[in-house]
Amino acid sequence: MTKTLNRPAHPLPIRIMHWIAAPAVICMMLSGWAIYNASPSLPFTFPRWMTLGGWLAGGIAWHISVMWVLFIDGIAYLLYGFASGHFRRDLFPPSPRAVIDNMVAALTGRLGHSLGHYNAVQRLLYAGVIVLICFQVLTGFAIWKPVQLGWLTELLGGYPIARGIHLAAMIGIALFLVVHLTLVVIFPRTLVAMLSGTASEPEEPVP
Amino acid sequence: MSRAHDLRRKPAVTMDEIRPELNRISRRGLFSRALSLGSLTLLTGCDLSTHSGVDAALWAMMRFDDRVQAGLFSRSHLAKTYPVSAVTKPFRFNAYYEEWQVRETPSDWRLELSGLISDKAPWTIEKLRALPRETQVTRHICIEGWSQIGQWSGVPLHTFLQRVGADLKAQYVYFKCFDGYSTSIDMQSALHPQTILALEFLGKPLAPEWGAPVRLRIPTKLGFKNAKNISAISVTNTYPGGYWEDQGYNWFSGS
């Protein structure tokens, strides 16, 4: 436990990249909904007030503007995550056993929460959403440039399938955000930690 | 080309109704706005039709995207081709108007030429049919996201542009249509081997709804760049825009 106490809950680079990614992901999602509405693949459309850009061209303008922010932030994060050991240390996928144990503990209210130190369920969620966002960027490029990046489009199963994956991954990210934001509301100190980097909570008692 | 669709139309809000809000938005700094989640609801009003700073930034980013797309473009990257059996049936009609509004070819139709072209004599359909032709079965991808596979035959645009002595170093090729439509493409895309002046669809001369008597088929760009019912072609160095481009569709829209 002393180890986690000695380093900030979230190092500064992580906090900066998180707060660039957060509005970028939301802009991408809301503008993506405006694009989706022009030709919905599922039997519903998003209300206009939930979309960004107002109509198809506006949605695309937002989407192909903000995508560069997300792309550059994402590349920086991946480089940092591998180089600093953040992925290995904090996000490396846990064993299925640990996930089940943590899940049971969480549901029975016995799961501790230590800032900056992720349990198995958190690791699965955070690693999962990073993989989903990487998929979004790849499928996004595949459907934006199905000729010039045709190799990528074919690798992802061709244009219609890549477009379907792009939609499915969006739903995955939306579900993550619901869980993520709910937990932030329940544990507001996690928001403080992602802003200030310091753990303002009393640490878990050392066993 | 794109279908008139409620969700695609510009919002049914007048400038006057939203001007107070827009003025408020433009008084605030772009940067703080971009970082503030709370103002996202205000940003949803930015749809490329206003004079706000955010819309100006979006237009500037789209010019940047145009340059990126031109940089990614290679004439040797060919669009995937399919067997004839893969053609989508029924093939979906698409234009900025409904199908019943399709116009027949005027009886005095000629393909007019203008701009940086040395031989500007108009072309008849017979003369066009005498040029060498190519057939392709390619995927037509609409800016809305849906796609379908079709078969087109026609004169490669590079063959035609060379034949009429167009300035192949010019920046833009502009297409004007007798149904009120227009679009423009960059010269590099115009010279791509799969860019054709299509005269046939599914092995038959173009019907009016498929763009008679001649249409652009350019599988390296989104559907709305594939102008139908062409009446005039112009080669120019002055940005010509187009029907949808002027309203905010990304100009390059390359695939």
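**Strand 4 of chain B and its surroundings**

In chain B, strand 4 is joined by five bridges to strand 5, which spans residues 182-186, and the two strands run antiparallel. The model described here is a predicted one. Within this pairing, Tyr172(B) is found opposite Asp186(B) of strand 5 of chain B. The hairpin formed by strand 4 and strand 5 of chain B has four residues between its strands, and in this hairpin Gly180(B) adopts a positive phi near 90°. Strand 4 of chain B also pairs with strand 9 of chain B, residues 230-236, through six bridges and likewise in the antiparallel sense. In that second pairing, Tyr174(B) has Ser234(B) in strand 9 of chain B as its bridge partner.

These pairings belong to an open sheet of four strands in chain B, in which the strands follow the order 1-9-4-5 and the pairing is mixed. The edges of the sheet are occupied by strand 1 (112-115) and strand 5 of chain B, and because each of these has a single partner strand, one side of each is left without a neighbour in the sheet. From one strand to the next, the twist averages 20°.

How many of the six residues of strand 4 of chain B are buried? Six of the six, covering residues 172-177, are buried, and strand 4 of chain B is therefore largely enclosed by the rest of the structure. The burial applies to both faces of strand 4 of chain B, since Tyr172(B), Tyr174(B) and Lys176(B), which lie on one side, are all buried, as are Val173(B), Phe175(B) and Cys177(B) on the other. For chain B as a whole, which has 255 residues, buried residues make up 41%. Chain B contains seven helices and nine strands, and of its contacts with a separation of 6 or more, 72% are between residues 24 or more positions apart.

The analysis then turned to the nonpolar cores. In soluble globular proteins, nonpolar side chains tend to be buried together. The largest nonpolar core of the model has 42 residues, and those with the most contacts inside it include Cys27(A), Met28(A), Leu56(A) and Val66(A), together with Leu58(B). Two or more residues of this core are given by each of helix 2 (12-38), helix 3 (56-84), helix 6 (120-144) and helix 8 (159-186) of chain A, and also by helix 4 of chain B. Helix 2 of chain A provides the largest share of this core, with 11 residues. When neighbours within four places in sequence are left aside, Val66(A) is in contact with Ala24(A), Cys27(A), Met28(A) and Ser31(A). A second, separate core has 32 residues, among them Val155(B), Ala190(B), Trp210(B) and Ile218(B).

The contact between the two chains takes 29 residues from chain A and 40 residues from chain B. On the side of chain B that touches chain A, at least two residues each are supplied by helix 3 (40-43), helix 4 (53-72) and strand 2 (134-141) of chain B. Helix 4 of chain B gives the largest share of that side, namely five residues. Grouped by class, the side of chain B that touches chain A consists of 19 nonpolar, 13 polar and eight charged residues.

Definitions and conventions: Residues numbered from 1 in each chain as written. Chains lettered and ligands numbered in written order. Predicted model: local features only at pLDDT ≥ 70, side-chain atom pairs only at ≥ 80, totals over all residues. Buried ≥ 20, exposed ≤ 12 C-beta atoms within 10 Å, placed from the backbone. Pairing = 2+ DSSP bridges. Contact = placed C-beta atoms within 7 Å. Nonpolar A, V, L, I, M, F, W, Y, C, P; charged D, E, K, R; others polar. Axes fitted to C-alpha atoms, helices over the stretch in contact; angles between N-to-C directions. Core = buried A, V, L, I, M, F, W, Y, C linked by C-beta atoms within 7 Å.
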